[in-house]
Amino acid sequence: MVSTNYAPEHAGIGPYATQIAEHWAARGHETHVLAGMPHYPSWSLDPAYAKVWRRTEERAGVVVHRRRHTVPPRQTALKRAAFEASVLAHGLVAPPSMARPHAVLAQMPSLAGGIIGARLAARWSVPYVPVVQDLMGAAAAQSGIRGGDRAAALAARAETYALRRAALVGVIHETFVDKVAAMGVDRGRIRLVPNWSHVPSPSAPRAETRARLGWGEGETVVLHSGNMGLKQGLEVLVEAARRDPKIRIVLLGDGNQRAHLRELGTGIPNLDFMEPVGDDEFPDTLAAADVLAVTQRASVLDMSVPSKLTSYFAAGRPVVASVAAEGGTALEVRRSGAGVLVPPEDPDALLTEIRRLGDDPAAADALGAQGPRHVEAHLTRAAGLARIDALIDEALGGPST
């Protein structure tokens, strides 16, 4: 596997890459991962790797080959390009020292990882299978990154190079299919491999967790978890907190926009910034909130489906999605039956739904209860890993699914 993100990263695509690799190792396969240095979602290098240039380590039976790269604390097109270039250069100059594998799977959105995966597979003459988690060309155009138009063109070319060389292409959502096909990939080689809920169900009583976190019994708590980046458009939550002091807005996690959001929220007492919590606390923290928020800029349509949604659904709390109605995120929320949609970048519309759910706990509980049902029916880890196994088996000449 080639995946710039990997454990101990606990947000984004890192947990999916880790669980796939550990699943293969548990089945008795010799499994190698070419990964970057842990840095996400804070976009700051894990101090444990501060002086590491290259490292080979074993985690849960998986051999992980680390290669150093730049870590830009703020995202611009130029800095993102430098990040990808450093991943690409180091991965090609110092590929893993290992026996010839049966196949190479690459986790994209790392453009460099996709190119490295394609090059290594060609070198070893084995099937190459990328899994598209985000579309970076579309992301550069839609996320608001400075210099995004030029970056989008370059990213699209890199994606096209990587995807056209694949035996099969996995996509996590059907809204990606048209984009991938437009890059010249035969639709007959595209397979749907949705992500799964990678966190366990909550276990602690909600009242107990709320008391530990200092959340009042009668207040409405809205929680956003995960990356604080440009595409999330989290300014809408800051403004919602400013307009209604009775609602507590909690931003849990890290990201390159965290400092900007803190500055924007100066003087708003009901806006809390919460450090990332451990994997053992995370499910209970989500479940303790009254409402779970997912937000995206209005321009974000078909480049990303937030991985946080699978965790939100497992938590059993209602989701309020401030996203474009025609995008993949909105489709997933509607499909789950566990949330409501509001127009993006509209704090008043967001507050209207939050107040409605806060004033009617029974309705909020009933809506949230649809999430675990959706997870059990469609998003279990076993089902997700089985889809990945089937993808690899087919690429190796096994039966089509």
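Select L292 and look across to β12, where V319 stands opposite it; strands and helices here are DSSP runs numbered from the N terminus, E of at least two residues for strands and H or I of at least four for helices. The model is predicted, so to speak of local features pLDDT of at least 70 is needed, side-chain atom pairs count only at pLDDT 80 or more, and totals for chains, interfaces and linings use all residues. Residues are numbered from 1 along each chain as its sequence is written, and side-chain values use heavy atoms, with hydrogens and water left out.

Now select strand β11 (residues 291-295) together with strand β12 (residues 319-322), which pair in the parallel sense over four bridges; two strands pair if DSSP finds at least two bridges between them. Widen the selection to the open sheet of six strands, whose order is β10-β9-β8-β11-β12-β13 with parallel pairing. At its edges are β10 (271-274) and β13 (339-342), each of which pairs on one side only.

Move next to W43, which counts as buried because its relative accessibility is 7% (buried is under 20% relative accessible area, exposed over 50% and partly exposed in between, with a 1.4 Å probe and protein chains only). The rings of W43 and F83 have centres 5.2 Å apart and planes at 75°, so the pair is edge-to-face (rings of Phe, Tyr and Trp, the last by its six-membered ring, pair if their centres lie within 6.5 Å, and planes under 30 degrees apart count as stacked, over 60 as edge-to-face and the rest as tilted). This pair links distant parts of the chain, with W43 in the loop between β1 (32-35) and β2 (54-59) and F83 in helix α2 (residues 77-93), 40 residues apart. Finally add Y40, which forms one aromatic cluster with W43 and F83.
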